[in-house]
Structures are given as C-alpha cells and as structure tokens.
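The following exercises ask the reader to work through a protein model step by step. Please examine the sequence and the structure before turning to the solutions.

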Amino acid sequence: MRETSHLFIKCIALLIAINIYSQADTPKSLDDQIDEGIALMFQKKHSKSIELLINAEAIAKKNDWYEQAFRSTLNIGSNYYLLSDFGEAVLYYLQAYDIAIEHLDSRQEMTVLNNIGILYFQEEDLLQAKNYFFKAYQKAKGIGDEIKVGYYAVNLALVSNKMKAPDSAQTYIEEALPLLKKQPNVLLQGKMAQSEMLLLKKQYAKSEDIALKLLPKFQDVSQVENRVFILLVLAEIKEGQNRLDKALQYGIEARNTQAGIENREEVYGYLSNLYGKMGLLEKALIYKDSVIIASDSLTTIRNRRLFETEKVKFQIQNYQHELSESKEILRQERRFFYGIIGITVLSMGFILWIFRSNSIKHRQRKTIVELELAKEKSDYLLIEKQLREQETLALLEQERFKNELEAKNRKLTAKALYLSSKNDLIEEVVQSLSKNTEISENPELKKQIRELKKHLKTDTQWDSFFTHFEEINQGFLDRLRSKHEKLTPSDIRYITYLYMNLSNKEISSLLNITPQSCRKRKERLSSKLNIPDETTIHDYLSMI
C-alpha cells in the first residue's frame, strides 16, 4: 500500500512538472518580455527586438492573451517603421488593428489608427494620414479621453498645415491646446503647429512670437528636428516680411543645426530658393546640387536601411524556422511525456484495481472470519449456558441425593437409637432381675437372663444396620478400608457412627460404653487415621 501511494505521488508530481513546463509563460512575464523588446527597439537593436516580440506574439496568440498579442504586434510594426520599411510596418499595424477591433476596446484601436496615420504622414500621403488621424481623434472623443483628443488634434493640425489648410488647422489647435496643459511635450508640438498655421495665414508677428518662445526649448540633441522646424518657420516668416538677410541667417542656422541627412534635403532646397530670390544664382545652384546630393545620400541611406531591413527579415525568418522546429521538438517531448503519463496512469489504475480487488477480498474474508468467530462465540456461549444448566442440575441432583442421604441417615440414626434404647432397657431389666434373690435361686429364670445378655452381644439387627448403611453410603466403607487397611471391625463400626454425626452419648449407648470411653476412643482413632489437628474427624470422614 505504501509503495502504491509513493508511485501515485510520483505520477502527480510528474503531471504538475509537465503542466508547469507547458505553462511557464504568464501574462505578466510576457508583458516584461514585450517591454524588453520595446527597450531594444529604442536602442536601435531591431533584430533582437523583433525576435523577442515575435516570440511574445506567438505565445500570446496561442493562449488568447489579446492585450499582449496587440502590444507585441504593434511594436513589431514600429520596429519596421523605424527601419523605414513602411510596407511591412503597415501590415503589422493592420494586424494589431484587427486584434483591437475583435477583442479589445477603443483605446487600442485609436493607438493603431494614429500610428498608421504617422506612417502615411512620413510617406507624404497626406490625405490618408489625415483620414487615420481623424479616426483616432473620433475614437478618443467617443471614450472621453481628453488628452488623446488633444494629441490627435495636434496631428490633424500638422497634416492640415502640410495640406495648406490653416483654417482647419486653427480649429484643431484651439481645441487641443487647453487639453494639453499637463502634457508639456505634446503641448510643444501643438505650439509648433500653431506657429506654422499662423505663418500660413501670414500672421507673421504672432507666428514669430510663438516660434521665438519655442526655440530656446529645443537645445537638446534629441530635439534637433524640432529646432530645425522652428528655424525654418522663422526663416519663412522673415522671407514673408521681405527680410531676406534675416531669413538667410535662420536658414543657415537650420543647415548647421541639422545633424542627420533626413531633413537636409528640405533645408538645402529652402536655401537654394532663398539664394535665387536674392539673386545669388551661383550659391543657389550650389545648394540645388546639394539638394540632389542630399537626395542621393538619402536614397543610399534608405537602400542601406532596406538592406538592413531585409537582413532583419531573413534573421526573423530564420528565427521563426528555429522557433517552429523548437515547437515541434516541444510537441514531440510533450507527446512523449503524455505517453509516459498515460502509461503511468493506466498502470496506476491497474495497480489500484488489483489493490481494490484484494482489499475487497480481504474485507470479505475478514467478514467471513468475523461471522465464524461470532458463530463460535455464540456456540461457546450456548455450550457454556448448557454447562451451567447441567451444573445447576447436577448441583440440584447432588443436593437432592444429599438430602435423601441425610434423610436415610436420619432413619438409620433413629433405628440405631432405637436399638440403643432397647438394649438399655434390656440391660436394666437384666440388672433388675439379677438383683432379685428369688430370681437368682430359680434356675429357669437364670437361664432366661443369660439368654437376654447373650442377645445383647449377638443382636442380628446390627448386621442389618450395616447393610442399610452400605446401601445408603455406597462405597464409603470400601474407600475407608482401602485407605486405612489397619482398621478393625470395631473401629469401622465406631467410624460409621461418627460419619452419621452421632454424639458421644449416642455412640456410647450404642456400644455399651461410657461417654468418657467414647471420647478417648475418638481421640485414639483420630491419631490412628493421621488426621491434622485443625481438621475434625467428621470433616475428614466427609471427604472420603
């Protein structure tokens, strides 16, 4: 039984271990993995980031953890966006959008819509960008998220500025700025959009005032693009005010500020146009060439990024292949473990069935033994009861025999006493007649007196007495003689009187001796029979 219990415990432990092995991931651990992937993405380690996020996506989809599936898919798209692979990015964004629509709520939907809008904005497909920004804006309004409303309104304002629709941009900006007071970074974007909108509306003073206030806030390296944007706005303001020298100053500052090549084409194009307006054609041509060079450099960079993207895709495909192989190995291992578990469970079931059968048989045998013991006990009690009844009957019978014996002995005692009294009477008569002188001189009377005396010594009734005694107390005299062979007939006669519990006086009468002689004879007989001092002669004779 103990070995069976140990085997069962081991089986349960194996089941738990396999369950833990197969359910090692949890929503919390998956969130941590996704956060790690996002951190790698911002560190520009896109290959490793995508690898982690694809693995997280597979686990989340397998377990129907939709929140984690959404986050991982969305950030895979963001990785491709940063790699300038907008086609691949939009595919993942759309997948995330489908997950949000089917399983999540409007917050996730508007996040995807905004990201898709940004993607189209970068591609300069302004109409599509505005369309997706507006959908995100409506979702935010639908759930009453004022901060998101402000954020998406700023995006709509920026795309409206690009589409040369300042009135539309102004509407969105006026709505956004009050909502973004506690969001300083997004508020700065709103102010930038407002400055550009005022520039488009040729409200140069207001636009310049906002731009000059924003410019000191973009001193950090991470704010280079925003600083270039403001410097170009200031240059266009001065150009609109016909202060070309000041415009050129802001333009050159924008050129010197621009660290990357992405916006260099825009800066060089502006400077080329500005030098053309100023009549400096040689410099205008130089910057025009610079635009071409920048465009070529940008194309080269994009091609390089495309190559990097394809390399990342290859690595991801290779990883997916390895992941698929790992899953297949895992499935085979699980099938193997489940097979072991199945065999173990069946073996356990068979062992438990055998144990149960043996247990049932043992209980049945135990029940049979208990019934047999109960029957034996009942029979024993019945026999014991019968023995007690027989003992009771035997005691009653013994008591009856004892009473009968006592009654017969009483009769014998009465007869003996009668004989004793008769002998006494005869003896008195003889003594009386012997004293009479007339009788003593008469020979005939003397002869009769002698006959009477002889009768006292040879009375046949005593023989009859012993015969009756032997009938009543069967075997007593034989047992007495066998135990004490030296007893004389006179001793035996005396013992019979003692056995009948006659007094010394009664015995002396029967034996024609004095009571004192009777007492002495009794003492001598006790010594002859070797009777202990603490035992009376009558008690001793009763035990024979």
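The exercises below concern a predicted model, and each is followed by a worked solution.

**Exercise 1. Overall composition**

Determine how many helices and strands the protein has, and what percentage of its residues is buried.

Solution.
- Step 1: The secondary structure consists of 23 helices and zero strands.
- Step 2: The protein contains 544 residues, and 37% of them are buried.
- Step 3: The accessible surface amounts to about 33,100 Å², with 54% of it belonging to carbon and sulfur atoms.
- Step 4: Among contacts with a separation of 6 or more, 60% involve residues 24 or more positions apart.

**Exercise 2. A salt bridge within one helix**

Locate D32 and K28 in the secondary structure, and state how far apart their closest N and O atoms are.

Solution.
- Step 1: Both D32 and K28 belong to helix α2 (residues 27-42), where four residues, about one turn of the helix, separate them.
- Step 2: The closest N and O atoms of the pair are 3.2 Å apart. A salt bridge requires such atoms within 4 Å, so D32 and K28 form one.
- Step 3: K28 has a relative accessible area of 55% and is therefore exposed, since the cut-off for this class is over 50%.
- Step 4: D32, at 38% relative accessibility, counts as partly exposed.

**Exercise 3. Salt bridges between distant parts of the chain**

For the salt bridges D145 to R107 and K141 to E175, identify which elements are linked, and classify each residue as buried, partly exposed or exposed.

Solution.
- Step 1: The side chains of D145 and R107 meet at 2.8 Å, N to O. This pair links distant parts of the chain: D145 is in the loop between α7 (126-143) and α8 (146-162), and R107 is in helix α6 (residues 106-122), 38 residues apart.
- Step 2: D145 has 15% relative accessibility and so counts as buried, whereas R107, with 43%, is partly exposed.
- Step 3: The side chains of K141 and E175 form a salt bridge at 3.0 Å, N to O. Here helix α7, which holds K141, is linked to helix α9 (residues 166-179), which holds E175, across 34 residues.
- Step 4: K141 is partly exposed at 46% relative accessibility, and E175 is partly exposed at 23%.
- Step 5: Salt bridges with shared partners also join D31, D35 and R71 into one network. A search of the whole structure gives 18 salt bridges.

**Exercise 4. Aromatic pairs**

Classify the pairs Y120 with Y132 and F469 with Y499 as stacked or edge-to-face.

Solution.
- Step 1: A pair of aromatic rings is described by the distance of the centres and the angle of the planes.
- Step 2: The structure holds 11 aromatic pairs. For Y120 and Y132, the ring centres are 5.6 Å apart and the planes stand at 10°, so the pair is stacked.
- Step 3: Y120 is in helix α6 and Y132 in helix α7, 12 residues apart, and the pair links distant parts of the chain. Y132 is buried, with a relative accessible area of 16%.
- Step 4: F469 and Y499 lie 6.0 Å centre to centre with 85° between the planes, an edge-to-face pair. F469 is in helix α18 (residues 460-472) and Y499 in helix α20 (residues 489-499), so the pair ties together parts 30 residues apart in sequence.
- Step 5: Both partners are buried: F469 has a relative accessible area of 0%, and Y499 has 17%.
- Step 6: F134, Y137 and Y172 form one aromatic cluster. In addition, K135 lies over the face of Y132, at 5.2 Å from the ring centre.

**Exercise 5. A surface patch and a helix end**

State which residues make the nonpolar surface patch of about 340 Å², and which residues of helix α21 are buried.

Solution.
- Step 1: The patch of about 340 Å² is made by F350, W353 and I354.
- Step 2: W353 is located in helix α15 (residues 281-435). With 54% relative accessibility, W353 counts as exposed.
- Step 3: In helix α21 (residues 504-511), the buried residues are I507, S508, S509, L510 and L511.
- Step 4: Just after α21, N512 adopts a positive phi of about 60°.

Methods
Residues numbered from 1 in each chain as written. Predicted model: local features only at pLDDT ≥ 70, side-chain atom pairs only at ≥ 80, totals over all residues. Heavy atoms only, no water. Patch = residues over 30% accessible without salt bridge, like charges linked within 9 Å, V, L, I, M, F, W, Y side chains within 5 Å. Areas by Shrake-Rupley, 256 points an atom, 1.4 Å probe, with all protein chains shown as cover. Helix = DSSP H or I, 4+ residues; strand = E, 2+ residues; numbered from the N terminus. Buried < 20%, exposed > 50% of the residue type's maximum accessible area, 1.4 Å probe, protein only. Phe/Tyr/Trp six-rings, centres within 6.5 Å; stacked < 30°, edge-to-face > 60°. Lys NZ or Arg CZ within 6 Å of the ring centre and 35° of its normal. Contact = heavy atoms within 4.5 Å.
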